[in-house]
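Let's walk through this structure together, beginning with a place where two chains meet and then moving on to the nonpolar cores. Have the sequence and the 3D view open as you read.

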Amino acid sequence: MKAGRLSVRQVAFYGIAGTVCIVLSAMESILVPVVPGLPPGAKPGLSNIVIMLMAATGQTAGIFFPVLMKSVFALLTRGASAFLMSLSGGVFSALVMMFFYRRHFRNISETGIGILSACAHNTGQLLVSFIYTQTTALIAYYPVLLLFGTATGLVTGIFTAVLLPRARQLAQNFFQSSE
Amino acid sequence: MDYRKRRILKILLFIAAIAAVLAAVLWNLPERQAESSGFAMDTLISVKLYGGKDPEASLTPVISLFSDTEQTISRYDADSDISKLNRGETLAPEEWFMTLLEKNLEIREETEGLFDPACGPLVDLWNIGSGSERVPEASEIADALEQISGSSILISGDTVSFGPGTIADLGASGKGAVLDRIRGYLEGTDLRGAVVSAGGSVLLYGSRKGKRPFTVAVRDPDGGVSDYLGILKLSGCFVSTSGDYERYFTAGGKRYHHILSAKDGCPADTGLRSVTVVCEDGALSDILSTAVFLSGKERGLRLLEAHQAEGVLVSDDGTVTVTQGLSSRFDLTADGYTLKIYEGIHETR
Amino acid sequence: MKRGDLVILVSVLLLAGLLYLPLLLSGSGRKAEILVEGKVTESIDLLAVTGEYTISVPGSEILVRPGEIGYLCSDCPNEDCVRFGMLSRPGSTASCIPNHTMIRILAGKDTDGPDAVTY
């Protein structure tokens with residue numbers, strides 16, 4: 001099945017994962033504005049659950065595909081700056097996830113990884129906003145972003161932990177009926 | 001084997017991507033800047049330098065240009081070039097000083113003596129800003145005017161000398177002159193931009209980050225120090241203002257300001273309250289702001305045109321006249337003024 | 001939730017808290033500075049001023065009130081510095097040139113205010 005390249009199933013899998021990310025992200029954009037008092041760009045980050053499930057089930061080969069898909073979606077709907085923000089945030093958080101899941105730390109589970117990856121996501125976005133605004137004043141937002149990252153990361157982690165068994169099964173089924 | 005190679009390649013690719021993002025961030029980080037403010041040439045100065053590898057290092061050279069210029073043109077310094085010339089000596093001064101004198105003389109000619117660098121006797125007579133001013137007698141004024149009309153500044157080759165009784169006062173162009181010298185210095189540095197102010201005359205060098213223009217606020221003649229008439233968006237030029245509110249004294253219920261006409265010996269009464277000139281030459285912007293104020297609106301605007309300079313003229317009837325080149329760059333923010341755009345008079349010769 | 005998760009949670013929160021402190025201390029407040037011969041001799045947080053008091057500088061008296069600062073009187077000719085009135089806006093300055101003293105209120109960030117004022 002795998003001849004050093006991605007199999008059709010894998011591509012399909014990543015495509016679906018990416019699509020789910022986009023849908024979740026779009027849903028967030030509609031629902032989030034209802035809540036006042038949040039810093040700009042603050043989102044629950046539901047799509048990160050998908051990425052995290054991928055990382056947790058070992059589907060890391062193409063983990064950046066859904067990230068890229070989500071970013072391109074942002075590019076098409078919200079423009080170049082949103083593209084860069086989404087891309088850098090997604091890349092940073094995916095890398096953190098990959099790091100932790102490859103190593104299998106015994107004392108860290110989904111919640112911890114969720115927090116770290118969400119904070120990494122926000123850090124990546126902050127770096128991009130430096131480019132756009134050209135002022136270091138933005139660093140004032142960092143504590144808030146970290147706090148928010150902790151909260152969303154916790155949520156992401158919990159959801160992932162809950163969904164993990166199902167996800168594992170899904171992945172298994174998806175990739176099995178071949179050969 | 002193949003699979004591992006692909007894995008390594010992917011890892012490298014993503015490291016490269018992260019590196020690219022970081023590089024983009026570091027490349028665009030807010031740049032270095034250096035600032036200093038203080039007193040020189042009897043006025044408030046402020047220096048802001050942006051960009052380059054070491055803007056701090058340029059602060060001292062810039063500030064030393066102030067003291068160097070002061071040592072040349074200050075009448076309070078008995079050893080300055082101007083004091084020596086006023087005493088009748090012949091000198092071969094530095095080029096920038098010669099150029100400064102030439103510019104002064106050029107405008108004297110164009111205003112037919114209304115603006116005259118040899119106005120020393122008049123300046124000394126009124127002595128505005130000393131705290132002990134009084135309105136001079138008509139005879140005193142007449143004497144001063146006579147002295148001025150008999151004055152002469154002779155430039156031949158690289159030497160200059162003044163005729164007998166000539167007392168020159170370069171107060172109306174000194175600030176612009178030092179800004180010219182500073183710009184010359186800045187061009188030899190790697191600074192991206194700079195804003196240098198000397199008592200209301202401003203040098204704008206380069207631009208803000210991302211080629212954005214600087215913002216220069218124009219003081220409201222009727223307001224206090226922080227009250228602005230409007231905002232100019234400019235880059236790479238000089239801005240100078242002459243106004244009747246800067247230095248004055250009141251006597252008998254009347255206000256006597258410091259912009260004296262060398263024709264009638266009194267503070268100019270031409271219906272203008274302030275003149276702001278924008279142009280490519282520092283000394284000229286300084287001289288023209290005074291000369292335009294002295295000439296009144298009509299002749300003043302033509303004077304600006306003749307030198308490809310732009311300006312904002314505030315009249316005492318509340319009209320703010322802006323030359324066409326500035327119309328898109330000036331934003332009138334104060335209440336109580338009407339904006340007019342001067343589009344120029346096309347004269348056929 | 002495993003032990004490592006808790007460690008992560010606490011450390012991130014601590015980090016956020018640590019980063020917040022310096023911002024609290026320098027951020028808000030209206031800082032005024034008095035300069036003599038170009039050197040800062042006094043630094044005053046105008047928003048922390050409760051009553052009224054004066055500060056002496058060479059040649060002048062400076063009045064400090066809640067949110068404001070300005071020259072009260074001076075021995076310079078015409079008392080030009082007093083004419084500046086009371087300053088309250090960030091970026092505004094008053095100066096007594098003959099005495100080489102100056103009062104300035106620090107500007108917020110370089111996005112505030114014009115780059116220069118011509119007068």
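The contact between the two chains draws 15 residues from chain C and 19 residues from chain A. Keep in mind as you look that this is a predicted model. Chain C and chain A together bury about 1400 Å², and 79% of that area is on carbon and sulfur atoms. On the chain C side, the residues that lose the most area to chain A are Asp5(C), Ile8(C) and Val12(C), which together make up 31% of what that side buries. If you sort the residues of chain C that touch chain A by character, you get 10 nonpolar, 1 polar and 4 charged.

What about polar links across this interface? Between chain C and chain A there are 3 residue pairs in polar contact, both residues being at pLDDT 80 or more. Salt bridges across the interface of chain C and chain A number 0.

Now turn to the largest nonpolar core, which has 42 residues; Ile51(A), Ile63(A) and Ile113(A) touch the most other members. Helices H1 (8-31), H2 (47-56), H3 (64-78), H4 (80-103), H5 (110-133) and H6 (142-176) of chain A each give two or more residues to this core, and so does helix H1 (3-26) of chain C.

Ile113(A) is a good residue to click on. Leaving aside residues up to four places away in sequence, Ile113(A) touches Met52(A), Met97(A), Phe100(A), Tyr101(A) and Ile108(A), as well as Asp5(C). Asp5(C) is also one of the chain C residues that lose the most area to chain A.

Apart from the largest core lies another core, of 38 residues, including Ala177(B), Leu179(B), Leu203(B) and Ala283(B).

Key:
Residues numbered from 1 in each chain as written. Chains lettered and ligands numbered in written order. Predicted model: local features only at pLDDT ≥ 70, side-chain atom pairs only at ≥ 80, totals over all residues. Heavy atoms only, no water. Core = buried A, V, L, I, M, F, W, Y, C linked by side-chain atoms within 4.5 Å. Buried < 20%, exposed > 50% of the residue type's maximum accessible area, 1.4 Å probe, protein only. Helix = DSSP H or I, 4+ residues; strand = E, 2+ residues; numbered from the N terminus. Contact = heavy atoms within 4.5 Å. Buried area = accessible area lost by both parts, 1.4 Å probe. Salt bridge = Lys/Arg side-chain N within 4 Å of Asp/Glu carboxyl O. Polar contact = N/O pair within 3.5 Å; in protein donor to acceptor, adjacent residues only side chain to side chain. Nonpolar A, V, L, I, M, F, W, Y, C, P; charged D, E, K, R; others polar.
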